[in-house]
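I opened this notebook to keep track of what I looked up in one structure. The entries follow the order in which I asked about its parts.

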Amino acid sequence: MEQRVSISISDGIADVRLVRADKMNALDAAMFEALVAATERLAREKAVRVVVLSGEGLAFCAGLDMGRFAAMKENGGNGIAGGEKRDLTARTHGVANFPQAAVWGWRQLPVPVIAAIQGVAFGGGFQLALGADMRFLTPDARMSIMEIKWGLVPDMAGTPILASLVRDDILRDLTYTGRIFSAQEAMSYGLATRICDDPLAAAFEVAREIAGKSPDAIRAAKRMLNKLSVDPAPALMAESVEQQKLLGSPNQTEAVRANMEKRAPRFADAG
């Protein structure tokens with residue numbers, strides 16, 4: 001896990017960092033494994049009162065590793081999200097599958113999670129940021145629901161979280177277009193909590209404040225606030241069902257090939 005995600009705990013604060021800076025913290029199979037393992041460990045840490053989640057280097061998380069798309073270009077298959085070929089409809093982590101657990105696990109932690117975001121949070125990286133309770137962004141940070149670029153849909157638990165944060169038409173705009181949006185737009189949409197020059201320092205400042213409160217009350221507050229959301233199970237299953245149908249399909253493979261070959265896609269009519 002340490003090759004992808006580092007964890008240090010001090011004074012009730014868990015400092016969790018994606019440490020694949022040379023690849024802009026992109027999500028490969030090892031990163032998925034490390035993220036799930038991190039949430040499983042932190043869920044057992046009784047001394048943890050708050051988590052700060054960040055990515056080292058120039059980006060928070062650039063999304064799925066390009067090597068996954070290169071493999072898709074060559075031979076298709078549905079191992080693009082979270083490792084080898086798997087049945088995405090299998091619920092391996094409560095209401096979630098394994099790739100969803102890499103995001104949903106942060107939402108389900110019994111303590112608050114603050115994401116400090118610089119550079120980009122694209123695709124799966126954007127969904128990872130959504131797993132946090134709060135998101136602090138640099139003024140020049142950029143985000144995108146980028147899955148449509150690759151002929152896919154967001155399937156890492158982003159759908160039920162987004163539905164609780166943004167207007168329906170904004171969610172559809174961002175999902176259908178995959179356009180990149182700014183930190184200022186993220187704030188106006190309800191996707192950013194704060195914009196600050198040093199989001200990591202700001203996150204730790206807030207974390208220290210939270211850590212100084214009653215841990216019982218903080219955990220109770222998170223349980224209570226999590227229950228305000230609609231039942232996530234149908235949305236999580238819908239993500240998996242739709243993604244599984246798309247992965248490796250002719251138009252999805254064509255989307256990947258066109259992007260990798262830097263040409264306009266030639267899609268067949270929808271079936």
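**Entry on the nonpolar cores.** I began with the largest nonpolar core of this predicted model, and found that it has 56 residues, of which V16, L35, L42, V51, W106 and L191 touch the most other members. I then asked which element gives the largest share of this core. Helix α1, which spans residues 29-44, gives that share, with seven residues. As a reminder to myself, in soluble globular proteins nonpolar side chains tend to be buried together.

I followed L191 further and, leaving aside its neighbours within four places in sequence, noted contacts with F126, L130, R135, L162, L165, V166, L174, F181 and A186. Another core lies apart from the largest one; this other core has 15 residues, and V50, A202, F204 and I210 are among them.

**Entry on the cysteines.** I searched the whole structure for disulfides, and the search finds zero. C61 is in no disulfide, and the nearest cysteine sulfur to its own belongs to C196, 19 Å away. Why is there no bond from C196 to C61? The 19 Å between the sulfur of C196 and that of C61, the closest cysteine sulfur, is too far for a bond, and I note that a disulfide is a covalent bond between the sulfur atoms of two cysteines. I also checked whether these residues are covered: C61 counts as buried because its relative accessibility is 0%, and C196 is buried as well, with a relative accessible area of 15%, since the cut-off for buried is under 20%.

**Entry on the salt bridges.** I asked how many salt bridges the structure holds. The structure holds 14, and I looked at some of them one at a time.

In one of them D133 pairs with K222, and the closest N and O atoms are 2.9 Å apart. This pair links distant parts of the chain, as D133 sits in the loop between α4 (124-130) and β6 (134-137) while K222 belongs to helix α9, 89 residues apart. Is K222 buried or exposed? K222 is buried, at a relative accessible area of 4%, whereas D133 counts as partly exposed, at 30% relative accessibility.

R167 and D169 meet through their side chains in another salt bridge, with 2.7 Å from N to O. R167 is exposed, with a relative accessible area of 54%, and D169 is partly exposed, with 42%.

I next took R172 and D168, whose side chains meet in a salt bridge of 2.6 Å, N to O. Because R172 and D168 are four residues apart in helix α6 (residues 168-177), about one helical turn separates them. R172 counts as partly exposed at 41% relative accessibility, and D168 is partly exposed too, with a relative accessible area of 47%. Beyond this pair I noted one network, in which salt bridges that share partners join R4, R20, D28 and D65.

**Entry on the surface.** Last, I asked which residues make a nonpolar surface patch of about 350 Å². M224, L225 and L228 make this patch. I placed L228 in the loop between α9 (215-226) and α10 (233-246), and L228 counts as exposed because its relative accessibility is 66%, the cut-off for exposed being over 50%.

Methods: Residues are numbered from 1 along each chain as its sequence is written. This is a predicted model: local features need pLDDT of at least 70, side-chain atom pairs count only at pLDDT 80 or more; totals for chains, interfaces and linings use all residues. Side-chain values use heavy atoms; hydrogens and water are left out. Patches are made of residues with over 30% relative accessible area and no salt bridge: like charges are joined within 9 Å, nonpolar side chains (Val, Leu, Ile, Met, Phe, Trp, Tyr) within 5 Å. Accessible areas come from the Shrake-Rupley method with a 1.4 Å probe; for residues, only the protein chains shown count as cover. A salt bridge is a side-chain nitrogen of Lys or Arg within 4 Å of a carboxyl oxygen of Asp or Glu. Helices (H or I, at least four residues) and strands (E, at least two) are DSSP runs, numbered from the N terminus. Buried means under 20% relative accessible area, exposed over 50%, partly exposed in between (1.4 Å probe, protein chains only). A nonpolar core is a set of buried Ala, Val, Leu, Ile, Met, Phe, Trp, Tyr and Cys residues joined through side-chain atoms within 4.5 Å. Contact means heavy atoms within 4.5 Å. A disulfide is a pair of cysteine sulfur atoms within 2.5 Å.
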